[in-house]
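Q: Could you take me through the nonpolar core of this one, and then put it in the context of the rest of the chain? I'd like a close look rather than a quick tour.

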Amino acid sequence: MARETTGFRKPINSHDPKELSKMTVTLNSGFEMPMIGLGVFRMDGKVMKDFIIEAIKKGYRHFDCAAKYQNEAELGEAIAEAIERKLVKREELFITTKLWNSDHDHVLEACQDSLKKLRLDYLDLFLIHFPVPTIHTGVGNASSVKDKDGVLDIKTNISLETTWRGMEDLVSRGLVRSIGISNYSLLLTRDCLAYSKIKPAVNQIETHPYFQRESLVKFCQKHGVCVTAHTPLGGSVANVEMFGSVSCLDDPILKVLAEKYKRSAAQIVLRWNIQRNVVIIPKTSKKERLAENLQVFDFELAKEDMELIKTMDRNHRTNIPGKFWGVDIYQ
Ligand SMILES: NC(=O)c1ccc[n+]([C@@H]2O[C@H](COP(=O)([O-])OP(=O)(O)OC[C@H]3O[C@@H](n4cnc5c(N)ncnc54)[C@H](OP(=O)(O)O)[C@@H]3O)[C@@H](O)[C@H]2O)c1
């Protein structure tokens with residue numbers, strides 16, 4: 001279960017990789033997960049090797065990938081080189097990837113494919129990317145087949161319990177240390193807790209000041225499921241462009257808090273999630289932002305400012321895959 005945040009409140013030298021790597025939560029599997037990771041969704045594979053190595057040099061130890069991002073091989077190449085150059089040891093890294101929708105009935109093969117691309121012999125965390133099994137079209141191609149009406153072809157003959165049994169089998173085989181879920185609602189998480197022999201260690205969900213999801217976050221934490229915030233910056237301009245959503249980073253309340261704490265709006269938002277015991281995996285492709293996004297352990301938001309951010313909630317989801325699938329999966 002996520003540890004109390006008091007440990008994170010003590011200011012640390014947040015430029016020192018050794019200090020940063022101590023900022024972890026203990027998962028219900030017994031393994032430690034760094035509170036901050038680097039998300040690699042929409043990261044250009046061509047420039048990834050140097051960028052990931054730079055991130056490792058700056059102190060990142062946790063990387064969040066997915067079969068769907070189609071850049072596991074590039075992340076694997078970077079990790080292999082960093083280990084080869086003795087910048088980091090495998091056991092100091094925490095690598096997450098995700099099972100794509102079209103592979104729910106091929107969990108073992110999909111995991112083996114991801115491991116091969118990542119050049120790893122185990123994953124730290126493997127997540128079910130969405131609770132949405134779809135037509136299988138071959139392992140690793142992360143397809144989203146649609147029917148003649150342009151609607152995602154969702155399978156109805158495989159239960160999420162069956163998918164979860166496949167995930168549990170990966171732990172027994174030693175291929176994966178921790179398993180978890182992503183984009184699961186409160187009720188789907190409840191169901192998973194009921195049928196699981198190995199409890200989900202993590203639920204990775206979209207959450208930021210415009211989409212706080214207090215009930216889901218609290219429910220997961222109460223039952224020992226660590227919450228990781230995907231899209232922790234509300235997707236910023238990337239989601240404005242891709243999904244037409246609104247970015248919280250331009251909100252006047254954040255501007256006031258940024259001024260007060262002499263931090264950027266992004267740092268305020270990331271710090272807010274940390275103080276909720278929520279792990280963060282912001283993505284950036286800019287070297288200067290790698291350091292900025294890490295520098296969130298050396299200040300603390302006062303209680304009244306946490307309360308102020310609470311008032312920003314708009315129940316606004318910014319990552320809307322249904323836009324491309326012809327179906328609103330969250331209805
Ligand atoms: N499980 C899921 O379904 C799911 C869904 C979405 C995302 N994720 C994971 O969560 C990670 C993060 O989500 P995301 O990439 O969608 O969104 P995000 O991290 O909330 O936002 C990324 C956007 O913020 C910008 N940005 C980064 N640092 C910034 C800063 N300090 N100030 C201002 N803007 C900044 C980035 O631009 P630059 O790159 O130009 O800096 C990019 O446009 C993903 O990479 C992925 O690993 C998982």
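A: Let's start with a yardstick: the radius of gyration here is taken over C-alpha atoms, and the globule rule is 2.2 Å times the number of residues to the power 0.38. This is a predicted model, and for its 331 residues a compact globule would come out near 20 Å; the chain has 19 Å, so the two agree. The C-alpha trace spans about 55 × 45 × 40 Å along its principal axes, and the chain holds 14 helices and ten strands.

Now for the inside. Buried residues account for 46% of the 331 in the chain. The largest nonpolar core takes in 82 residues, and the ones with the most contacts inside it are L75, L99, F126, C226, V269, V279 and I280. Helix 11 (residues 265–275) gives this core its largest share, seven residues. As background, nonpolar side chains in soluble globular proteins tend to be buried together.

F126 is a good place to zoom in. Setting aside neighbours within four places in sequence, F126 touches T97, L99, C111, M167, L170, V176 and I179. For the chain as a whole, among contacts between residues at least 6 apart in sequence, 72% link residues at least 24 apart.

Then there's the ligand. Its shell counts 30 residues, with G39, H230, L233, S236 and K283 coming nearest. By class, that shell has ten nonpolar, 15 polar and five charged residues. Helix 9 (236–243) and helix 12 (287–294) each contribute at least two residues to it.

Conventions:
Residues are numbered from 1 along each chain as its sequence is written. This is a predicted model: local features need pLDDT of at least 70, side-chain atom pairs count only at pLDDT 80 or more; totals for chains, interfaces and linings use all residues. A residue is near a molecule or strand if its C-beta atom, placed from the backbone, lies within 6 Å of it. Helices (H or I, at least four residues) and strands (E, at least two) are DSSP runs, numbered from the N terminus. Ala, Val, Leu, Ile, Met, Phe, Trp, Tyr, Cys and Pro count as nonpolar, Asp, Glu, Lys and Arg as charged, and the others, Gly among them, as polar. A nonpolar core is a set of buried Ala, Val, Leu, Ile, Met, Phe, Trp, Tyr and Cys residues joined through C-beta atoms within 7 Å. A residue is buried if 20 or more other C-beta atoms lie within 10 Å of its own, exposed if 12 or fewer, and partly exposed in between; C-beta atoms are placed from the backbone. Two residues are in contact if their C-beta atoms, placed from the backbone, lie within 7 Å.
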